[in-house]
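Grab a pencil and work through these exercises with the model open beside you. Try each task before reading its solution.

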Amino acid sequence: MVGLPARGKTHIARRLARYLSWLGYTTRVFNVGNYRRARLGSQKDHHFFDPNNAEASAARAEVAQIALDDMIAWFVDDGEVGIYDATNSTRERRKQVADRCRQAGHQVVFVESLCEDEEVIESNIRQTKLHMPDYANADPERAVADFRQRIANYARVYEPVDASEGSFVKLIDVGGRLEAHRIQGYLPSRLVYFLMNLHPIPRPIYLTRHGESLFNVEGRIGGDSLLSPRGEAFAARLSGYIAKEISEREISVFTSTLRRTIETARPLVRPTLEWRALDEIDSGDCDGMTYEEIRRHLPTEYEARETDKFDYRYPRGESYRDVIRRLEPVIVEIERERTPILVVAHQAVLRALYAYLMDRPPHECPRIDVPLHTVIKLTPTTYACAEERVHLGPMATALSRP
Ligand code: F6P
């Protein structure tokens, strides 16, 4: 990462890490600020960041080096994508980092965030920096003034990345413009694609399963059945809930192409996007069976799924890993949307989306609790995602497992 303080680097780094981990890459953020706070203490004022303060500069360079050493060591263990989150504001500093990585055999891409919009910077300082341990118990106005001085210290020596330094992506004015240079290969290209769609505007994402279906009532998996009367009642309640939450505002509604989700979204009377990528996990030869029937007629399959639910693939069907892969375009669309989003989908698919949004390891997703007739409201912020679960009822009759 490259950029002056309060340019959203940590936000971008964390989002990237979440996306890449979810795609299956072992990814980790090495945040030099956290190393500094842990080793040198957190309450440092702007003098500490003055480039003419030789002692402090040496101490800062040392913690940056420790973080870099840790990242290089982590690559040897099992790391695939390391995100080195620091200002890296001079050419010389970036050369040291890049040389070290390249010598160890790693490809380097600089992700630089440039922003001169005073309003964005101010809001970033107030929303994130004031909550850092650096300013615990400090008067907010004095803290903002100090942070601005800190930025000014960095700005005095700041050199934007230039073409001679190798591959880079520059994000200019929070997604307003993007510049990519010498980006080659699959992963760097995905990275650019993802960054093109990223924005920091917080808005809620509502996840819900369809209302109870006729197959749910019988305990059958898959299929394309319609809603049970309880499922229809849920659809009506969902519409009332969303109307209260959103009122006249816009909301993007995504469903799968299966009837139970389309029927659930119908009472909302809002434009809906039907995604095949949101269809339920394909249970292949087991489609339409109950779990008990699978256990009796296909015991080896049943056992194999019990043993490794994440990687188990139904005969002529899918695994959770397959579901995650096909959801990628939905993820990018969720990141891109600036309005609230309601996703009406299915148990396995929503587990995968939830794992992404809550930054849970993908292999945990087959066991995440996503009950029927419950809306999961997630509001992403820079450092976390707030969760609220609202059970709208009625109580579903379905048993999800035998
Ligand atoms: O039972 C409802 C359902 O959506 C099925 O269609 C699907 O196969 C299943 O849930 C996914 O859940 P699990 O992975 O726990 O079997």
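**Exercise 1.** In which sense do strand β6 and strand β10 pair, and over how many bridges?

*Solution.* Before we start, this is a predicted model, where local features need pLDDT of at least 70, side-chain atom pairs count only at pLDDT 80 or more, and totals for chains, interfaces and linings use all residues. Residues are numbered from 1 along each chain as its sequence is written, and side-chain values use heavy atoms, leaving out hydrogens and water.

Step 1: find the strands, β6 at residues 205-209 and β10 at residues 374-380. Strands (E, at least two residues) and helices (H or I, at least four) are DSSP runs, numbered from the N terminus.

Step 2: check the pairing, which is antiparallel over 4 bridges. Two strands count as paired if DSSP finds at least two bridges between them.

Step 3: pick out one bridge, where Ile 205 has Leu 378 of β10 as its partner.

**Exercise 2.** Work out the strand order of the open sheet and say why β8 and β11 each have one side without a neighbour.

*Solution.* Step 1: lay out the 6 strands as β8-β7-β9-β6-β10-β11, with mixed pairing.

Step 2: look at the edges. β8 (272-274) and β11 (385-391) each have a single partner strand there, so one side of each has no neighbour in the sheet.

Step 3: add the helices. Helix α14 (residues 328-336) lies across β6, β7 (252-255) and β9 (341-345), at about 170 degrees to β7. Helix α15 (residues 347-357) lies across β6, β9, β10 and β11, at about 155 degrees to β6. Here, lying across involves contact, meaning heavy atoms within 4.5 Å. Angles run from 0 to 180 degrees between N-to-C directions, with axes fitted to C-alpha atoms, for helices over the stretch in contact.

**Exercise 3.** Is Asn 31 buried or exposed, and what does its side chain touch?

*Solution.* Step 1: locate Asn 31 in strand β1 (residues 27-31).

Step 2: its relative accessible area is 13%, so Asn 31 is buried. The cut-offs are under 20% for buried, over 50% for exposed, and partly exposed in between (1.4 Å probe, protein chains only).

Step 3: the side chain of Asn 31 makes a polar contact with that of Asp 85 at 2.9 Å. Such a contact is a pair of N or O atoms within 3.5 Å; within protein, one must be able to donate a hydrogen and the other to accept it, and residues adjacent in sequence count only if both atoms are side-chain atoms.

Step 4: a polar side-chain atom of Asn 31 also sits 2.8 Å from the backbone nitrogen of Asn 34.
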